[in-house]
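Here are some short exercises for getting to know a protein model. Try each task yourself before you read the solution below it.

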Amino acid sequence: MDQRRNNFALLALSCPWEKKVFLILICYLLYLGVILGNLFILFLVIFDSHLHSPMYFLLANLSLIDMGLSSTTVPKIITDLLNEDTVISFQSCMTQICFIHTIGGVEMVLLIAMAFDRCTAICKPLHYLKIMNPKTCVSFVITGWVTGVIHAMSQFLFVIKLPFCGPNKVDSFYCDFPKIIKLACTNGAKLEFIVTANSGFMSIGTFFLLILSYSFILITVWKRSSGDLSKAFVTLSSHITVVFLFFTPCMFLYVWPSPPPSLDKNLFIVDFAITPVLNPAIYTLRNKDIKVAIKRLCKKISYSRFC
């Protein structure tokens, strides 16, 4: 019987009630933080005219993507834990996978765009506004979505045709290509290589491209400031932190052939909940412009109360 017409069982959702309560509480608080934190960044960038610049346009899009990435899995996990439902249909599983990889692809391109923005601002400050014009910024976002869709569909078209007639148990909180391929009633070695070549190499390639970009910026600043890198580190620290938070779980999940289930579950929480909730905090605490924008907002609120 073809398992594609049936369901997949997510074993990570089967746990004692005490652990379920803990997971529900943690997921709820983290997801609430993701939504409120990223909405706050969006609100600041949209309504504060001082933040209407290429860097903050890209940051606003990154906040939107972080909310989308977290929303692909966390709300369903909370609902399933509350309803004690460990089953996901084949259609829902495939839909979840497509959204995860589409949004993940968009985020990679946005991080590259933000690195290019900083590289242009520091290395070619006189030509910054000419290079990073509105058309360029919108092109980066469109390129991100096109890349994300191609990245997801290039794997999805292979997986959707696989026969599923045997085991249907996935030891995870969510569906993903490597986990589903292992359940197919066929030799999935070639397909696993395609997934690794696509997701794994894309993650590693993007990560090293970003590291090279930031290294080039640091070297440029070091040469211009006679060895003083403090300003460059302050400027780039938030970007570098976000890059490491996003790519570390990706490389473990897609480059490591069979990560232990416990590691897989922990990396899931990092990638889909902790990183999206930390990004707004990182950019808020380490960004002077955002801090000033928050002060302006507080003054406006205080003024409106007294008027």
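The exercises below use this predicted model and go from a sheet to a cavity and then to a database record.

**Exercise 1. Work out in what order the three strands of the open sheet lie, and which strands stand at the edges.**

Step 1. Read across the sheet: the order is β2-β1-β3, and the pairing is mixed.

Step 2. Look for strands with a single partner. β2 (87-89) and β3 (169-170) each have one partner strand and stand at the edges, so one side of each is left without a neighbour in the sheet.

Step 3. Add the helix: α4 packs on this sheet and touches β1 and β2. The direction of α4 makes about 80° with that of β2.

**Exercise 2. Find the sense in which β1 pairs with β2 and with β3.**

Step 1. Recall a general point: strands of a sheet pair through backbone hydrogen bonds, either parallel or antiparallel.

Step 2. Take β1 and β2. They pair in the antiparallel sense over three bridges, and Ala-9 stands opposite Val-87 in β2.

Step 3. Take β1 (residues 7-10) and β3. This pair is parallel, over two bridges. In β3, Lys-169 is the bridge partner of Ala-9, and Val-170 is the bridge partner of Leu-10.

**Exercise 3. Search the whole structure for cavities of 30 Å³ or more, and describe the lining of the largest cavity.**

Step 1. Count: the search finds one cavity of that volume or more. The space in the largest cavity is about 160 Å³.

Step 2. List the lining. It has 17 residues, and Ile-100, His-101, Gly-104, Cys-250 and Tyr-254 lie nearest the centre of the cavity.

Step 3. Ask which helices take part. α4 (90-123), α8 (189-224), α9 (230-255) and α10 (261-285) each supply at least two lining residues. α4 gives the most, with five residues.

Step 4. Sort the lining by character: 10 residues are nonpolar, six are polar and one is charged.

**Exercise 4. Compare the "transmembrane region" entries in UniProt with the helix content of the model over residues 21-47 and 267-285.**

Step 1. Start with the record. The unreviewed UniProt entry lists several such regions, including residues 21-47 and 267-285.

Step 2. Check residues 21-47 in the model: the chain there is 100% helix and 0% strand, with its end C-alpha atoms 38 Å apart.

Step 3. Check residues 267-285: here too the chain is 100% helix and 0% strand, and the end C-alpha atoms are 24 Å apart.

Methods
Residues are numbered from 1 along each chain as its sequence is written. This is a predicted model: local features need pLDDT of at least 70, side-chain atom pairs count only at pLDDT 80 or more; totals for chains, interfaces and linings use all residues. Side-chain values use heavy atoms; hydrogens and water are left out. On a 1 Å grid over the protein atoms alone, a cavity is a set of points where a 1.4 Å probe fits but cannot get out, and a pocket is an open set with protein on both sides within 12 Å along at least five of seven lines; lining residues have an atom within 4 Å of a point. Grid points are joined across faces, edges and corners, and a volume is the space filled by probe spheres set on the points. Helices (H or I, at least four residues) and strands (E, at least two) are DSSP runs, numbered from the N terminus. Ala, Val, Leu, Ile, Met, Phe, Trp, Tyr, Cys and Pro count as nonpolar, Asp, Glu, Lys and Arg as charged, and the others, Gly among them, as polar. UniProt positions are given in the numbering used here, feature names are shortened, and annotations may be inferred rather than shown by experiment. Two strands pair if DSSP finds at least two bridges between them. Contact means heavy atoms within 4.5 Å. Axes are lines fitted to C-alpha atoms, for helices over the stretch in contact, and angles run from 0 to 180 degrees between N-to-C directions.
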